[in-house]
Amino acid sequence: MPTIHLPERCGVMLLPDCSLFPHGGLPLHIFEDRYRKMLEDALEGDCFFAVARLTDDEKADPAACVAPVGTIGLVRASHEQKDGTSQLLLHGVMRVRFTEWHNDHPYPYAGIEPVVSVFTPESQSVAAMKTLRGAVEDAIRSLPDDVQSGVFSLLDRAEDPALMTDIVCQQFIHEADLRQELLEMESVGARIPVICEYLRKASAAAED
């Protein structure tokens with residue numbers, strides 16, 4: 001999203017076994033006091049905060065218990081309820097690396113830098129997208145036609161391999177460790193065989 005200016009620092013929501021991909025949506029229930037304050041600050045500012053995966057029990061120093069790469073997201077909709085909690089939808093914008101954790105906020109707050117996805121060589125991008133789309137088609141062949149149509153509609157929005165991999169990861173990769181591994185891969189070309197193999201195994205397991 002080249003027209004969106006990302007902040008250099010932002011609040012971070014720490015979640016166990018949860019990874020959000022760019023262009024994906026994550027519904028959240030905000031109830032902890034610290035995250036209620038984080039949401040308030042975000043809504044009064046640029047509407048950004050990041051999601052990071054907890055890799056261990058939470059510690060005072062997030063660097064010791066948080067994956068190094070997460071996703072910064074934009075609050076698309078937020079509804080505060082009578083008890084002060086909120087329901088919201090966070091739209092993934094871009095992978096970010098957490099460069100430094102700050103303790104001057106009542107919630108996790110970090111310096112971030114963008115992690116840019118790269119696919120090379122560009123001349124093979126169309127072939128790569130066909131390969132990935134074929135793997136998805138094989139994996140959903142047994143699903144109802146309307147479900148397949150919805151999936152294909154999502155894939156049709158992808159103009160490049162990076163976007164297509166993120167769409168597929170968000171929708172089809174369910175193993176937490178693998179989701180995080182794919183989130184941290186900067187090479188789009190390296191992601192595609194991993195995704196295809198996962199879909200192949202998942203499809204085979206469903207048929208057994």
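# A walk through the chain, starting at Cys47

Hi everyone. Let's begin with one residue: Cys47 is partly exposed, because its relative accessible area is 21%, and the cut-off for buried is under 20%. Cys47 sits in the loop between α1 and β3. Its backbone deserves a look too, as phi of Cys47 is positive, about 70 degrees, although the residue is not a glycine. Please keep in mind that what you have in front of you is a predicted model.

Now let's step back to the whole chain. How many helices and strands are there in the chain? Six helices and six strands. If you trace the chain along the sequence, the pattern reads β-β-α-β-β-β-β-α-α-α-α-α. The strands come in the earlier part of that pattern, and a run of five helices ends it.

What about overall dimensions? The C-alpha trace spans about 50 × 40 × 35 Å along its principal axes. For 208 residues, a compact globule would have a radius of gyration near 17 Å, and the chain has 18 Å, so the two agree. Of those 208 residues, 47% count as buried. Looking at contacts with a separation of 6 or more, 64% of them come from residues 24 or more positions apart.

A word on the surface, for those of you who think about buffers and columns. About 11100 Å² of the chain is exposed, and carbon and sulfur atoms supply 50% of that area. On the charge side, I find 18 positive and 34 negative side chains. The centres of these two sets lie 2 Å apart.

Next, the inside. Which residues have the most contacts within the largest nonpolar core? They are Leu28, Phe49, Ile72 and Phe98, in a core of 36 residues. Seven elements each give at least two residues to this core: β1 (9-16), β2 (25-30), α1 (33-44), β3 (48-54), β4 (69-80), β5 (86-102) and β6 (109-114). Phe49 is a nice one to click on. Setting aside residues up to four places away in sequence, Phe49 touches Gly11, Met13, Leu28, Met38, Leu39, Ala42, Thr71, Ile72, Gly73, Val75, Leu88 and Leu90. There is also a second, separate core, with 31 residues, including Ala135, Val151, Phe172 and Val188.

Let me zoom in on a few places, starting with Val12 in strand β1. Is Val12 buried or exposed? Its relative accessibility is 0%, so Val12 counts as buried. Beyond its neighbours within four places in sequence, Val12 is in contact with Tyr35, Met38, Ala50, Val51, Ala52, Phe98, Trp101, Pro108 and Ala110. Val12 and Glu100 are 88 residues apart in sequence, while their C-alpha atoms are 12 Å apart in space.

Staying with the strands, Ser86 lies in β5. Ser86 is a polar-looking name to meet in this tour, yet Ser86 is buried, because its relative accessible area is 6%. Again leaving out neighbours within four places, its contacts are Leu28, His29, Ile30, Leu39, Ser78, His79, Glu80 and Gln81.

Over to the helices. Ala135 has its place in helix α2, which covers residues 125-139. At 14% relative accessibility, Ala135 counts as buried. Not counting residues up to four places away, Ala135 touches Cys196 and Leu199. Ala135 and Arg200 are 65 residues apart in sequence and 7.1 Å apart from C-alpha to C-alpha.

Finally, the loops. Where is Pro121? In the loop between β6 and α2. A cis peptide bond joins Thr120 to Pro121, with omega at about -5 degrees. Gln124 lies in the loop between β6 and α2 as well, and at 46% relative accessibility Gln124 counts as partly exposed. Gln124 and Gly189 are 65 residues apart in sequence, with 9.6 Å between their C-alpha atoms.

One last stop is Asp17, in the loop between β1 and β2. Phi of Asp17 is near 50 degrees, a positive value in a residue other than glycine. Asp17 is exposed, because its relative accessible area is 54%, and the exposed class starts over 50%. That brings us back to where we began, with Cys47 and its positive phi of about 70 degrees. Thanks for listening!

Technical notes:
Residues are numbered from 1 along each chain as its sequence is written. This is a predicted model: local features need pLDDT of at least 70, side-chain atom pairs count only at pLDDT 80 or more; totals for chains, interfaces and linings use all residues. Side-chain values use heavy atoms; hydrogens and water are left out. A nonpolar core is a set of buried Ala, Val, Leu, Ile, Met, Phe, Trp, Tyr and Cys residues joined through side-chain atoms within 4.5 Å. Buried means under 20% relative accessible area, exposed over 50%, partly exposed in between (1.4 Å probe, protein chains only). Helices (H or I, at least four residues) and strands (E, at least two) are DSSP runs, numbered from the N terminus. Contact means heavy atoms within 4.5 Å. The radius of gyration is taken over C-alpha atoms; the globule rule is 2.2 Å times the number of residues to the power 0.38. Accessible areas come from the Shrake-Rupley method with a 1.4 Å probe; for residues, only the protein chains shown count as cover. Lys and Arg count as positive and Asp and Glu as negative; His and the chain ends are not counted. The place of a charge is taken as NZ of Lys, CZ of Arg, CG of Asp or CD of Glu.
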